[in-house]
Every structure is written in C-alpha cells, then in structure tokens.
Amino acid sequence: MRLYFSPGACSMVVRMVLNHVQEPFEAVPVDLSAGEQRAPGFRAINSKGKVPTLVREDGSVLTELGTILAWVAARHPEHGLLPTDNEARTRVQEAVEYCISTIHALGTTRIFVPSAFGKAEDEEAIKAEGRRIVGEGLRVLEGRMAGDVHLADELSIADFVIYWLALGAVMSGLPLPPRIHHDYTAMQQLDAVRQSLTDEGFV
Ligand SMILES: N[C@@H](CCC(=O)N[C@@H](CS)C(=O)NCC(=O)O)C(=O)O
C-alpha cells in the first residue's frame, strides 16, 4: 500500500489511522508548495491532484479522506474505528463529513493556504476568516459531544480527524473548547499519533 502525503496536511490523518491499525504502507511525499500535485506524473495517479491518495495492493487508487478512513477502518474491524451499529456509525460519518467539508475545506485551508482564497494583500483577512470558521466548527463539535451524540465514547475515525483539526487550531493560536481539548490531549498519548507526528517532522 502506498500513501501519497504532504507533511502536516490532511493526509496525516490517514497516516495516523494506518499506524493505529498497524497496516504497513510506504509513504510517498508530494511537495504541495512546489505544485507537484498538479504535475502530470501525480495527476496520472490521482486526477484530482490532492493528497491523501492511497494506492492499494491491487494498484487501485482511493481518494477522499473520509472514504479512505472508512475503508481502512472496515478492513480492520477488530479496532472498532467505524461502529457496526447503524446509528453510531452514521453519527461518526456525520462528524467526519462536517470536519472535512466544512471545517477543513473552508476554515483550515484558509489559515494555511490563504493564497487559494484571494490576493496576497488580503492574506490576514482570509486567515482571520479561517480562524473564525474553525473556531465555530470546533464549538459545534463540542456541542455535539456534550449532547446526545457521544462521539467521544469510543475511539473512532472521527477522533483522528478532530485531533488533526485541533492541532491546526492550536498551531494558529486558537483556544480549544474543553471537551475537544480533553480529547486532543488523550489522542496525543496514542502511539500511532506520536509516531505520525514524528514521521511528519512535528517533534
Ligand atoms: N476532498 C479532499 C480534499 C483533500 C485536500 O484538500 N487536500 C489538500 C491537502 S490538506 C491538498 O491536496 N491540497 C493541494 C491542492 O489543493 O493543490 C479529501 O477529502 O481528501
């Protein structure tokens, strides 16, 4: 299996989950700042020009973070990262989708890739809007955790995505709501998370 990644990008969530389930893989860096994701060589592998990109043992390619995570989790049911109970699984998927399509796509990306959202002179305003979106998104997740939807009861793929978003928030100086902060600290104790941080040059 081959994971195309960029250090610190959302592909790190796939690395954390692969490490957690102890699935062996080769990590292949894609230099996003150099535009390698748009080069013909990489487009031939993933025409979307994005990481994460996972090439499976049979050579088939999987894209989209949530889909890749769900596939890895289903391949290793013994870890219970995707609940089998319909309601529990649906709530995990609901959270993952919100994290990726709203918080990450609209918020985190504004903070770390402001050039994708406007001109250089607007950079600070774009980043500020990104911080607002991430802050609001984390508050929404916090509310879900505190309410009927007990996302944090069992470790799932959602916890890895939330951890990565929280890491980006902390790096950009945003305070974490209490439950998210508690989970963030707990996730940081996982061997798979520590290993992934080391592998991608964070520690
Ligand atoms: N919808 C995709 C989005 C992935 C994505 O935005 N990846 C970023 C890194 S976090 C990327 O590859 N950016 C390069 C670019 O857009 O040129 C997914 O969920 O996997």
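**Exercise 1. The annotated N-terminal domain**

Task: State which residues the annotation "domain: GST N-terminal" covers, and describe the secondary structure there.

Solution. The unreviewed UniProt entry places this domain at residues 1-80. In the model, which is predicted, the chain over residues 1-80 is 31% helix and 18% strand. The end C-alpha atoms of this stretch are 21 Å apart.

**Exercise 2. Backbone exceptions**

Task: Locate the cis peptide bond that precedes Pro52, and the positive phi angles of Gln22 and Glu64.

Solution.

Step 1. Most residues other than glycine have a negative phi, and most peptide bonds are trans.

Step 2. The bond from Val51 to Pro52 is cis, its omega being near 0°. Pro52 belongs to the loop that joins helix H2 (40-43) to strand E3 (53-55).

Step 3. Gln22, not a glycine, has a phi of about 55°. It is found in the loop between helix H1 (11-20) and strand E2 (26-29). Gln22 counts as exposed because it has 10 C-beta neighbours inside 10 Å, and the limit for that class is 12 or fewer.

Step 4. Glu64, also not a glycine, has a positive phi of about 75°. Its loop runs between strand E4 (61-63) and helix H3 (65-75). Glu64 has 15 C-beta neighbours inside 10 Å and therefore counts as partly exposed.

**Exercise 3. The ligand shell**

Task: Which residues surround the ligand, and how do they divide by character?

Solution.

Step 1. The shell consists of Ala9, Cys10, Leu32, Gln37, Gly49, Lys50, Val51, Pro52, Glu64, Leu65 and Ile100.

Step 2. These residues divide into seven nonpolar, two polar and two charged.

Step 3. Compare the shell with Exercise 2. Both Val51 and Pro52 surround the ligand, and they are joined by the cis bond. Glu64, with its positive phi, is likewise part of the shell.

**Exercise 4. Helix H4 and its contact with H3**

Task: Describe the bend of H4, its buried residues, and its packing against H3.

Solution.

Step 1. H4 spans residues 86-112 and bends by about 50° at His104. His104 is itself buried, as are, among others, Val92, Val96, Cys99, Ile100 and Ile103.

Step 2. Residues three or four places apart in an α-helix point the same way, because there are 3.6 residues a turn.

Step 3. The axes of H3 and H4 cross at roughly 150° and come within 9 Å. Leu65, Gly66 and Leu69 of H3 meet Val96, Glu97 and Ile100 of H4. The contact comprises four nonpolar residues, one polar and one charged.

Step 4. Leu65 and Ile100 take part in this contact and also belong to the ligand shell.

Technical notes
Residues are numbered from 1 along each chain as its sequence is written. This is a predicted model: local features need pLDDT of at least 70, side-chain atom pairs count only at pLDDT 80 or more; totals for chains, interfaces and linings use all residues. UniProt positions are given in the numbering used here, feature names are shortened, and annotations may be inferred rather than shown by experiment. Helices (H or I, at least four residues) and strands (E, at least two) are DSSP runs, numbered from the N terminus. The bend at a residue is the angle between axes fitted to the seven residues ending there and the seven starting there. A residue is buried if 20 or more other C-beta atoms lie within 10 Å of its own, exposed if 12 or fewer, and partly exposed in between; C-beta atoms are placed from the backbone. A residue is near a molecule or strand if its C-beta atom, placed from the backbone, lies within 6 Å of it. Ala, Val, Leu, Ile, Met, Phe, Trp, Tyr, Cys and Pro count as nonpolar, Asp, Glu, Lys and Arg as charged, and the others, Gly among them, as polar. Axes are lines fitted to C-alpha atoms, for helices over the stretch in contact, and angles run from 0 to 180 degrees between N-to-C directions. Two residues are in contact if their C-beta atoms, placed from the backbone, lie within 7 Å.
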